[in-house]
Amino acid sequence: MVFFVFSIPALAEEVKSPIDRASGVLGNAVAPTGIPTDDVQNVTGKIIKGALTAVGSVFFLLMVYGGYVWMTARGEEDKVTEAKDLIKAAMIGLAITVGAYAVTVFIVGRLT
């Protein structure tokens, strides 16, 4: 029983996922070059997070622009309809972007 208790940590050390093994091999290959060795998951997550932030900002600006068009329409039905459609499209795009961001944060959180 004593052998079993002390051998569990040693066995746990041996089991590594393919991603961990690939990171180790890539880290050894990159070390002599001086290139930073951040995890692939972290770098990819940061890139996706930045892209989704930029897209979310674009949708926010479209919504503000749609509100501006609506406020300056002065009752013209064509401009009001155009502004409403723009705001609806911006809201749908913003909802999709927030959903994609939530999925990305969830998946990247599980990988690291």
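## Exercises on a predicted four-helix chain

At 47% relative accessibility, valine 64 is partly exposed. The model used in these exercises is predicted.

**Exercise 1.** Work out which class of exposure valine 64 falls into, and find where this residue sits.

*Solution.* Begin with the cut-offs: a residue is buried under 20% relative accessible area and exposed over 50%. The value for valine 64 is 47%, so this residue counts as partly exposed. Next, locate the residue: valine 64 belongs to helix α3, which covers residues 40-71. Finally, look at the surface: Phe60, Leu61 and Val64 make a nonpolar patch of about 320 Å².

**Exercise 2.** Decide whether threonine 97 is buried or exposed, and list its contacts beyond the neighbours within four places in sequence.

*Solution.* Threonine 97 is part of helix α4, residues 77-111. Its relative accessible area is 7%, so threonine 97 is buried. With neighbours within four places in sequence left aside, the contacts of threonine 97 are Leu52, Val55, Gly56 and Phe59.

**Exercise 3.** Describe the chain as a whole: its secondary structure, its burial, its contacts and its surface.

*Solution.* Take the elements to start with: the chain has four helices and zero strands, in the order α-α-α-α from the N terminus. Then take burial: 13% of the 112 residues count as buried. For contacts, consider those between residues at least 6 apart in sequence; 61% of them join residues at least 24 apart. Last comes the accessible surface, about 8,900 Å², with 71% belonging to carbon and sulfur atoms.

Key: Residues are numbered from 1 along each chain as its sequence is written. This is a predicted model: local features need pLDDT of at least 70, side-chain atom pairs count only at pLDDT 80 or more; totals for chains, interfaces and linings use all residues. Side-chain values use heavy atoms; hydrogens and water are left out. Helices (H or I, at least four residues) and strands (E, at least two) are DSSP runs, numbered from the N terminus. Buried means under 20% relative accessible area, exposed over 50%, partly exposed in between (1.4 Å probe, protein chains only). Contact means heavy atoms within 4.5 Å. Accessible areas come from the Shrake-Rupley method with a 1.4 Å probe; for residues, only the protein chains shown count as cover. Patches are made of residues with over 30% relative accessible area and no salt bridge: like charges are joined within 9 Å, nonpolar side chains (Val, Leu, Ile, Met, Phe, Trp, Tyr) within 5 Å. A salt bridge is a side-chain nitrogen of Lys or Arg within 4 Å of a carboxyl oxygen of Asp or Glu.
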